[in-house]
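Let's take a friendly walk through some strands and see who sits beside whom. Have a look at the structure, then read on.

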Amino acid sequence: MVKDSGKKIAQEAWQREGMTQQVKQKVLSRVRIPAQFRWVQRVSWIVPIVREKSAPLVEGIKAKLPQRFFRKVQNPALEESESVETITFTPPISPGVDLIYRKYHCWHGNTLACEWTQKTLEADPTAYKCEKCGFPTILTAKTEFIGYRGRYSIESFLGHRGMGRLYQGFQVGDQQPVVVKEYLLPNVCFNPEETKVRKQLFERIAGLSLADGRIQDIRLNSPWDAISDPFAERCYLVSNGRQEAYPTLRSYLATNGAMTEAQVRRFLNQVLQTLQFLHTQKFSLPSGQIQQGIAHGNINLDSLLIIADAPAFFIHISDLSLWESVFDLPTSKTVIPTFAQDLIDVGYVAFYLLAGSIIEPVNHPLLYSNMEQEERRLSPEFKRFLLQLLNLNSSFSNAEEARQTLLKLPPAPLQAQEVLVVISEPEEKKPKLRRFYLLFLGLFGLILLGSIISFLLQRFQNQQVTAKDVVVCCLKDVSAVPPGNYTFAGESNSTWTKIWQQENLVLQNQNLEQKLKINQPQLELNYQPYDSLTKVINNIESGEIDFGILNFFQQLSPQIRHERFAYDGLVVFVAFSYSKRDQSLPEALNGKITTEQLRDLYTGKITNWNQLPGLNLPDLPVKLYIPRNEPETLNIFAQRVLKEENAIATFEKLQNQEPPSAAFVANPTTSITTLPTLEMLRKVLQDFEGNNIGSIGFARFSQVFGQCSVYPLALGDGNQPAVQTLVLNNGNSIDPKTDLCNDKGKYSPNIQVFQTGSYPLGYPLVVAYLGDNSRPPIGQKFAEMLKTEEVQQLLEKAGLVPIAKTQN
């Protein structure tokens with residue numbers, strides 16, 4: 001009975017595979033069913049079918065056999081036993097074949113890249129398995145699935161990379177382009193329990209964001225959505241824009257050949273910079289888990305993507321082992337990614353780029369001897385650096401050390417294609433300039449001395465002006481605080497509300513309220529967030545609350561007094577793209593904009609950047625953004641930028657229009673999109689890099705400071721020069737060439753432009769209270785607490801501009 005069942009299953013398999021009658025007879029002659037059931041091992045290619053059709057039968061057979069017959073059942077060798085060589089097809093194995101899917105005897109050798117998965121669909125659009133090997137077919141056009149952040153539709157198949165297959169698609173809601181990476185968990189390789197566990201794990205860990213909410217363009221591709229298919233053995237990783245469709249370094253090598261030393265140095269500088277960011281920052285996973293530093297674990301020619309549409313190429317890193325390894329076989333050896341291995345893997349990729357092929361670097365003449373070809377010769381210093389990166393003689397302790405060592409190397413030797421871009425003055429001109437140079441140096445010294453004296457005098461004057469604002473050092477030093485229980489209020493969606501209530505924003509595991517209770521235990525404060533500042537002011541006047549926190553941009557009644565404790569403002573921003581820096585809007589706008597130009601943009605008069613008069617701006621459609629649920633922010637913008645009633649009415653009308661359709665790029669329409677600030681920053685960058693749209697938005701300075709995916713434009717009003725809110729440590733304002741991501745700590749808020757009111761959209765934050773001497777002076781004392789050096793430093797960490805710079 002067992003023999004008949006086995007042959008029946010085998011015959012079903014032959015019918016699927018389309019084998020000839022001659023082959024059938026050869027197999028039948030080899031199928032014997034004595035006590036040891038040797039046919040199960042010899043005809044290993046039908047094990048998947050046996051497992052699918054008669055799992056209980058196979059398990060019973062396996063239980064009776066010695067273990068030596070099934071040592072490799074989870075990962076059978078491609079070479080079959082000699083007795084069945086006549087019927088076994090040995091496919092060509094490509095270097096990138098995924099060993100997990102070796103159980104599928106794909107004629108191509110790589111199931112993810114095999115053309116038969118597409119040909120099967122052409123013959124039968126409803127097929128879900130390849131007619132040759134049974135591997136799952138690709139997703140068809142118009143396939144839709146729902147994720148946590150939207151609904152997505154497939155447009156076309158792009159190819160395969162790493163552990164999955166790539167598709168071009170779009171988000172159904174707003175028609176924004178996405179790239180979908182499909183991962184497979186076929187039942188031939190994973191049992192139902194293993195599939196379930198991997199699906200759950202995938203949704204919890206596939207994606208990274210900075211734990212503090214910042215957005216940094218550091219060339220690390222982070223997924224937008226992670227979805228496990230509830231009906232099929234598939235998972236989907238969705239990425240916004242088109243960055244995930246960039247070519248890999250493997251395809252670049254196949255097309256362009258080896259890189260020069262200078263090009264490889266550029267590659268190393270960018271990748272080491274990204275790894276330094278990945279290894280040192282604190283990240284939040286989709287599950288909410290916080291992790292300090294993550295090793296990539298999957299650095300190779302396929303996980304590194306290149307934007308090479310200009311001589312200054314950029315490298316993006318993708319496919320972290322964190323989620324790629326979820327789809328390894330249960331029997332695979334577990335390898336824990338490490339920072340040290342990431343550096344070694346980068347060294348191997350660098351060597352492949354130099355050599356032009358995948359070859360072992362050990363004893364290779366490129367590193368261990370002088371090459372005869374001048375164009376392939378490497379500088380000795382770079383050879384030693386590469387050997388150290390490969391851990392062949394010593395090692396680097398971290399990515400930052402490796403990058404700093406790289407930057408200190410002597411310049412790379414010039415090679416033929418690089419000599420043309422070097423521009424220098426003839427040597428004989430230098431002696432003619434020496435006398436002028438000395439004269440210029442002396443004049444420059446006098447100017448510098450005068451500037452230093454002027455700066456010191458101005459600083460002394462500013463200290464005199466602000467000395468009354470910072471009274472004492474610490475919260476505990478504020479004296480004569482009236483004990484008791486008091487109520488105060490502020491705007492619900494303001495930065496102040498987050499500082500007061502949100503833990504970890506300014507202090508670890510603490511908010512400002514808890515900090516105050518520790519230092520002033522006799523004081524009980526009850527905070528009431530209101531929908532609008534008008535309600536706060538009315539309740540101060542009526543005496544229902546003891547004091548309030550206001551964005552002070554409007555006139556107050558005479559009975560209300562106020563004391564400032566910090567500054568905030570609105571900043572207008574556009575995308576700050578590293579991959580297209582030379583073609584970006586900050587460069588085209590010279591880093592500035594006027595309130596008149598903003599009025600034309602936000603009232604629909606300007607729908608393309610090249611329509612702005614007097615500027616040679618690129619042909620980019622305009623997309624407008626405003627912050628969501630921030631009525632006071634919109635009120636400030638309306639009063640100080642739009643000003644006129646007609647303009648304000650048009651601005652409000654555009655907010656109620658439907659968002660742009662999929663035809664936005666070709667035929668721009670005017671509407672205003674409202675988003676939470678952090679999401680707005682992300683979308684502005686994605687619009688520019690992924691969709692070639694010149695988006696613009698505005699938000700509070702405190703929410704934008706430190707977010708280097710956008711550039712805050714300097715703002716001019718009327719005939720006044722444009723004023724920038726950020727200043728470098730040398731006293732100069734930032735410009736579009738400033739590296740906002742890597743130069744953090746080298747720039748800070750320009751306190752002076754907020755103090756003097758020269759920035760058109762700046763305003764102070766104040767503690768407002770009734771000027772009634774019969775009431776306890778809690779408002780005055782609370783303002784005094786906020787002006788202590790201790791709290792000023794905390795407010796600055798939260799993004800507010802302090803009333804004076806304090807020493808950290």
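Two strands pair if DSSP finds at least two bridges between them. Strands themselves are DSSP runs of E with at least two residues, numbered from the N terminus. Strands of a sheet pair through backbone hydrogen bonds, either parallel or antiparallel.

This is a predicted model, in which local features need pLDDT of at least 70, side-chain atom pairs count only at pLDDT 80 or more, and totals for chains, interfaces and linings use all residues. Residues are numbered from 1 along each chain as its sequence is written, and side-chain values use heavy atoms, with hydrogens and water left out.

Begin with the open sheet that three strands form in the order β5-β8-β9, with antiparallel pairing. Its edge strands, β5 (209-210) and β9 (290-292), each pair on one side only.

Now turn to β14 (residues 547-551). How many of its residues are buried (under 20% relative accessible area, with a 1.4 Å probe and protein chains only)? Five of its five are, and the strand is mostly covered. Phe547, Ile549 and Asn551 point one way, while Gly548 and Leu550 point the other way.

The table lists strand pairs together with residues that stand opposite each other.

| Strand pair | Sense | Bridges | Opposite residues |
|---|---|---|---|
| β8 (residues 282-284) and β9 | antiparallel | three bridges | phenylalanine 283 and glutamine 291 in β9 |
| β12 (residues 484-491) and β14 | parallel | two bridges | phenylalanine 488 and phenylalanine 547 in β14 |
| β14 and β24 (residues 762-770) | antiparallel | four bridges | isoleucine 549 and valine 767 in β24 |

So β14 pairs in the parallel sense with β12 and in the antiparallel sense with β24.

Note on methods:
Buried < 20%, exposed > 50% of the residue type's maximum accessible area, 1.4 Å probe, protein only.
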